[in-house]
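I opened the file to go through one helix, its packing and its charged pairs. My notes are below in the order I looked things up.

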Amino acid sequence: RHDIDEDSFRAALKNINGVLFTGGGADFTFPNGTLTQYARKGQIVFDEVVSAYKAGEIFPLWGTCLGFEMVNFLGGGAVPGVLVSGFNAENYTVPLNLTAGAAPHSRFFQLAQSEGLL
């Protein structure tokens with residue numbers, strides 16, 4: 001939820017074990033360059049994920065479509081306009097090809113059935 005205060009939002013994150021940024025349609029910044037409520041809450045999630053990682057904890061973050069854009073936007077420093085041009089990936093489908101060594105060494109894929117991944 002992006003309509004609750006930041007302290008309550010951070011407290012709610014302590015009760016879950018991962019986050020999915022879904023696809024859809026939303027702006028990350030207002031025309032003046034400030035972050036929207038959606039992006040501000042996304043920044044809190046992103047910061048908590050990074051903090052957990054630095055502490056050696058597993059707190060996965062997955063982004064699909066717009067959510068993937070959000071992860072890149074936030075990981076790049078939340079710079080307004082960074083994802084505005086230079087990309088043409090609409091209706092562009094590519095396979096996810098994992099290398100043979102990716103699954104056994106990845107926290108995300110290590111418990112998956114190897115025959116289902118490769």
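The entries start with the helix α2 and end with a strand residue.

**Entry 1: the model.** I noted before anything else that this is a predicted model.

**Entry 2: length of α2.** I checked the helix α2, residues 37-54, for regular geometry. With 18 residues at 1.5 Å a residue, α2 should span 26 Å, and its end C-alpha atoms are 26 Å apart, so the two values agree. Just after α2 I found G56 with a positive phi of about 80°.

**Entry 3: burial along α2.** Which residues of α2 are buried? I listed A39, K41, G42, Q43, I44, V45, F46, E48, V49 and A52. The list holds charged residues, K41 and E48, and I came back to E48 in a later entry. I then looked up what covers these buried residues, and the cover includes α1, β1, β2 (61-63) and α3.

**Entry 4: the nonpolar core.** I looked at the largest nonpolar core, which has 18 residues. V45, F73 and L74 touch the most other members. The elements giving two or more residues to this core are α1 (6-13), β1, α2 and α3 (66-75). The largest share comes from α2, with six residues. For V45 I pulled the contacts beyond four places in sequence: F9, L13, V19, F21 and L61.

**Entry 5: α2 against α3.** Two packed helices are described by the angle between their axes and the distance between the axes. For α2 and α3 I read an angle of about 70° and an axis separation of 10 Å. An angle of 65 to 115 degrees counts as roughly perpendicular, and α2 and α3 are therefore roughly perpendicular to each other. On the α2 side the contact is made by Y38, A39, G42, Q43 and F46. On the α3 side I recorded L66, M70, V71, F73, L74 and G75.

**Entry 6: salt bridges.** How many salt bridges are there? I counted two. In one of them E48 pairs with R10, with the closest N and O atoms 3.0 Å apart. Because E48 lies in helix α2 and R10 in helix α1, this pair ties together parts that are 38 residues apart in sequence. K14 and E48 also meet through their side chains, at 3.2 Å from N to O. K14 lies in the loop between α1 and β1, and E48 in helix α2, so this pair ties together parts that are 34 residues apart in sequence. R10, K14 and E48 are thus linked in a network of salt bridges.

**Entry 7: accessibility in that network.** Is E48 buried or exposed? E48 counts as buried, because its relative accessibility is 18% and the cut-off is under 20%. R10 is partly exposed, with a relative accessible area of 30%. K14 counts as exposed at 61% relative accessibility.

**Entry 8: F21.** Last I looked at F21, which sits in strand β1 (residues 19-21). At 8% relative accessibility F21 counts as buried. What does F21 touch, leaving out residues up to four places away in sequence? I found G42, V45, L61, W62, G63, T64, G67, M70, V71 and L74. F21 and L61 are 40 residues apart along the chain, and their C-alpha atoms are separated by 7.5 Å. The contact with V45 had already turned up in my list for that residue.

Technical notes. Residues numbered from 1 in each chain as written. Heavy atoms only, no water. Helix = DSSP H or I, 4+ residues; strand = E, 2+ residues; numbered from the N terminus. Buried < 20%, exposed > 50% of the residue type's maximum accessible area, 1.4 Å probe, protein only. Contact = heavy atoms within 4.5 Å. Core = buried A, V, L, I, M, F, W, Y, C linked by side-chain atoms within 4.5 Å. Expected span 1.5 Å × (residues − 1). Salt bridge = Lys/Arg side-chain N within 4 Å of Asp/Glu carboxyl O. Axes fitted to C-alpha atoms, helices over the stretch in contact; angles between N-to-C directions. Parallel < 35°, antiparallel > 145°, perpendicular 65-115°, else oblique.
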